[in-house]
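Visitor: I'm new to this one. Could you show me how to read it, a feature at a time?
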Amino acid sequence: MSLIISRAFVDVIVEQSRSEYPDECCGVILGPVGSGKASRLKAMVNAAHSPTFYEFDPKDLLSLYREVDEQDEEIVVIYHSHTETEAYPSRTDIAYAGEPGAHYVLVSSRKEIAPAIEFRSYRIIDGVVTEEEVSITD
Amino acid sequence: MSIEVRIPTILRPFTKDQKAVAASGASLTALITNLDSQFPGIGDRLLENGALRRFINIYINDEDVRFLGGLDAHIKDGDSVTILPAVAGG
């Protein structure tokens with residue numbers, strides 16, 4: 001398995017992580033049901049407004065799922081940033097991962113590696129983390 | 001009395017992959033008890049020590065049950081209940 005994602009989406013996620021720093025940023029990329037294609041990016045508000053935690057607001061979450069259903073889409077990617085640690089799922093990320101079909105993307109904008117960033121993708125299923133390749137298309 | 005309950009992907013192994021199921025109950029507690037009797041084990045994924053799990057969101061129609069009295073929230077015929085895992089992490 002690997003994640004295929006456009007350069008434009010990578011740039012949007014990186015930019016969002018920088019503009020919301022030091023808080024974690026978050027969002028999703030949607031695609032037509034069954035396609036597995038990351039085609040529509042939707043930035044979400046981190047209701048926790050925290051550098052160590054993110055959570056979609058419960059009302060936004062319901063609207064998101066309604067929208068996804070109405071448009072015959074699915075959540076292909078769930079992304080968030082780590083602002084002080086590497087782009088690897090934390091224990092809480094693993095504990096709360098509730099979408100077995102999604103690619104969990106982590107971007108790290110921590111200072112030590114600036115201006116570089118880390119952009120990595122994982123499957124998180126039943127508590128098991130599997131890193132996957134990221135192919136960035138132009 | 002029949003309430004439509006929308007089931008998230010992660011809980012569909014309990015419902016034989018059904019996206020929506022019918023259940024009954026005049027309160028959220030009663031509804032969860034009814035769901036668990038139809039789909040054994042699902043109750044445990046919604047409750048912890050008798051309270052709603054922190055990272056499970058349940059909505060009656062458009063409202064988060066946390067604003068409707070939690071497990072005591074009233075449910076009436078024709079309501080629709082949606083269960084969604086929080087999207088959250090650290």
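Guide: We'll go from the chains to one helix and then to the core. Keep in mind that this is a predicted model.

Visitor: Fine. What does the secondary structure of chain A come to?

Guide: Chain A has three helices and eight strands. Following the sequence, you meet them in the order β-α-β-β-β-α-β-α-β-β-β.

Visitor: And what pattern does chain B follow?

Guide: Chain B reads β-β-α-α-β-β-β-β-β-β, so to speak its two helices and eight strands in a row.

Visitor: How does the radius of gyration of chain A sit with that of a compact globule?

Guide: A compact globule of 138 residues would come out near 14 Å, and chain A has 14 Å, which agrees. For chain B, with 90 residues, the expectation is near 12 Å, and the value of 12 Å agrees as well. As for burial, 38% of the residues of chain A count as buried, and for chain B the figure is 29%.

Visitor: Now a helix, please. How many residues does α2 of chain A have, and how far does it reach?

Guide: Helix α2(A) covers residues 58-70, which makes 13 residues. From first C-alpha to last it reaches 18 Å, close to the 18 Å expected at 1.5 Å a residue.

Visitor: Which residues of that helix are buried?

Guide: Start with the general idea: an α-helix has 3.6 residues a turn, so residues three or four places apart point the same way. Here the buried ones are Pro58(A), Leu61(A) and Leu64(A). They cover an arc of only 115 degrees around the axis, which puts them on the same side of α2(A). On the other side, Glu67(A) and Glu70(A) are exposed.

Visitor: What covers the buried residues of α2(A)?

Guide: The cover includes β2 (26-32) of chain A, along with β5 (56-60), β6 (63-64) and β7 (80-85) of chain B. Just after the helix comes Asp72(A), with a positive phi near 55 degrees.

Visitor: Which residues touch the most other members of the largest nonpolar core?

Guide: In general, nonpolar side chains tend to be buried together in soluble globular proteins. In this model the largest nonpolar core holds 53 residues, and those touching the most other members are Val28(A), Val77(A), Ile78(A), Tyr104(A), Leu31(B) and Val81(B). Strand β5 (residues 73-82) of chain A gives the largest share, five residues.

Visitor: What is Leu31(B) in contact with, leaving aside its neighbours within four places in sequence?

Guide: Leu31(B) is in contact with Ile3(B), Ala23(B), Gly25(B), Ile75(B) and Val81(B).

Methods. Residues numbered from 1 in each chain as written. Chains lettered and ligands numbered in written order. Predicted model: local features only at pLDDT ≥ 70, side-chain atom pairs only at ≥ 80, totals over all residues. Core = buried A, V, L, I, M, F, W, Y, C linked by C-beta atoms within 7 Å. Buried ≥ 20, exposed ≤ 12 C-beta atoms within 10 Å, placed from the backbone. Helix = DSSP H or I, 4+ residues; strand = E, 2+ residues; numbered from the N terminus. Contact = placed C-beta atoms within 7 Å. Rg over C-alpha atoms; globule rule 2.2 N^0.38 Å. Expected span 1.5 Å × (residues − 1). Arc of directions from axis to C-beta.
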